[in-house]
Amino acid sequence: TSGITTLDAGFKNTSSCKSAITFLDGEKGILRYRGYSIEELAEKSEFLEVAYLLIFGELPTKEQNAKFHSDIQKTALVDEDVKKILDGFPKSAHPMGVLSALTSALTAFNPKSVNVDSEEDMYRAIVKILGKFPVLVAWAYRKEEGLPLSYGDNSLGYVENFLKMMFELPNEKYKMNQTVVKALNKLLILHADHEQNCSTSTVRIAGSSHAGLFASISAGISALWGPLHGGANQAVIEMLEEIKEDGGGYQKYIEKAKDKNDPFRLMGFGHRVYKNFDPRANIIKVSAEEVLNDLGIDDPVLDIARGLAKEALSDEYFKSRNLYPNVDFYSGIIYRALGIPVPMFTAMFALGRLPGWIAQWKEMRIKKEPISRPRQLYIGATLRPFVEESKR
Ligand code: SDX
């Protein structure tokens with residue numbers, strides 16, 4: 001140590017804050033939002049109700065739920081000029097880059113949402129981003145598909161309206177499928193928060209400088225984009241597709257993942273905190289089978305995923321390192337069954353994680369946490385005199 005600090009690269013053994021929002025027990029595979037188990041919430045709750053719980057700390061009464069929903073719907077319109085920014089992107093732009101840019105741009109159209117010292121200002125900024133973000137996610141998809149942008153229908157629930165904005169075609173009425181609604185509601189709940197993960201820590205650190213909520217969320221979107229974090233759900237499907245193209249032989253990929261000279265990692269496997277299983281992966285695995293059955297989809301990739309997981313779980317390398325399927329391992333199989341294209345998978349993760357980012361940012365601001373500014377162990381050059389260019 002340097003007499004001031006101890007090095008902890010990746011903060012593997014550092015608690016960055018005290019929080020009352022989400023509880024994880026990595027050994028026992030426990031995940032709770034404000035004390036409620038993820039198993040119960042995934043089964044019995046609705047995504048916006050879970051958002052309320054995470055942000056305000058209690059399950060809402062019927063009236064609170066209705067007001068929250070209508071306040072969010074009222075703010076769902078996005079300034080028409082935002083479409084000009086979206087138009088500037090090529091169709092091939094990755095949705096996460098589009099979302100990070102448009103979310104940050106929202107500050108320009110909602111300048112009052114930066115100073116959130118009063119509870120009312122904070123509430124207004126919170127319902128604004130909850131109302132506008134699903135629109136931006138749907139628009140990112142529609143841009144990629146070359147489809148017209150829409151706002152859906154405010155008489156629908158949060159998840160239904162998102163599906164309508166995503167998939168409604170201009171020349172036909174969108175047919176709501178309750179299996180799809182239920183599966184997406186469950187997926188979004190399962191992604192809603194996860195204590196101090198990489199992207200949430202990014203939102204807290206950006207917000208600790210008192211950057212506005214939208215700018216802090218934009219920073220979180222960028223951090224989530226990485227394949228070691230939220231980007232893993234896209235990388236998993238790309239890996240499973242590659243295995244399928246390769247004749248379904250996953251043994252070769254398991255060997256590659258174990259080879260220290262090969263940077264390849266088994267995507268969707270391993271977790272910084274969960275060392276026995278990721279409770280979300282268990283729920284998503286069951287839901288994937290239900291959704292594929294209900295929709296009558298036979299996706300060979302699910303069989304490959306099951307075989308790959310079984311093989312890896314019995315392999316000494318993975319067992320000795322406590323590597324198990326994580327939340328990203330099966331989620332892409334459901335997104336695909338719901339008609340969501342692979343590049344949108346991490347954007348779906350962001351849509352789910354939004355309430356958690358908001359809740360954690362709010363807790364940090366209300367507790368007036370200091371600006372995040374870690375130290376370092378300096379290992380660079382000692383003092384040396386300047387050298388004229390002619391002598392270098
Ligand atoms: C998410 O933090 C969160 O909560 C994140 C998240 C959330 O909800 O916010 O849960 C969402 O990001 C889930 C994780 C998605 N990422 C992936 O699936 C990518 C593949 N997984 C890994 O890169 C890795 O497991 C991490 C990033 C998830 C965790 O990395 P750690 O905790 O830094 O662990 P590590 O890299 O130090 O690995 C420990 C050992 C190493 O081997 P040794 O040096 O001890 O020999 O396990 C090996 C690693 O090489 N290892 C893997 C592996 N994951 C770890 N080897 C092969 N394949 C893998 N997937």
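Asp25 stands opposite Ile30, a residue of strand E2. Strand E2 covers residues 30-33 and is joined to E1 by four bridges, with the two strands running antiparallel. The model is predicted, and the mean pLDDT of the chain is 95. Besides this sheet, the briefing covers a pair of helices, H9 and H10.

**Sheet**
- Three strands make up an open sheet, and their order is E1-E2-E3.
- The pairing in this sheet is antiparallel.
- Strand E1 (22-25) and strand E3 (36-37) are the edge strands, each of which pairs on one side only.
- In general, the strands of a sheet pair through backbone hydrogen bonds, either parallel or antiparallel.

**Helix pair**
- Helix H9 spans residues 198-208 and helix H10 spans residues 213-225; they pack with their axes 8 Å apart, at an angle of about 150 degrees.
- Because angles over 145 degrees count as roughly antiparallel, H9 is roughly antiparallel to H10.
- The two helices, H9 and H10, have a right-handed crossing.
- On the H9 side, the residues that meet H10 are Cys198, Ser199, Thr202, Val203, Ala206 and Gly207.
- Their counterparts in H10 are Ser216, Ile217, Ala219, Gly220, Ala223 and Leu224.
- By class, this contact of H9 with H10 has seven nonpolar residues, five polar residues and no charged ones.

**Confidence**
- A pLDDT of 70 or more is reached by 99% of the residues of the chain.
- For the complex, the predictor gives an ipTM of 0.97 and a pTM of 0.96.
- Where pLDDT is low, predicted coordinates should not be read in detail.

Note on methods
Residues numbered from 1 in each chain as written. Predicted model: local features only at pLDDT ≥ 70, side-chain atom pairs only at ≥ 80, totals over all residues. Heavy atoms only, no water. pLDDT = per-residue confidence, 0-100. Axes fitted to C-alpha atoms, helices over the stretch in contact; angles between N-to-C directions. Parallel < 35°, antiparallel > 145°, perpendicular 65-115°, else oblique. Left-handed = near helix turned anticlockwise from the far one by under 90°. Contact = heavy atoms within 4.5 Å. Nonpolar A, V, L, I, M, F, W, Y, C, P; charged D, E, K, R; others polar. Pairing = 2+ DSSP bridges.
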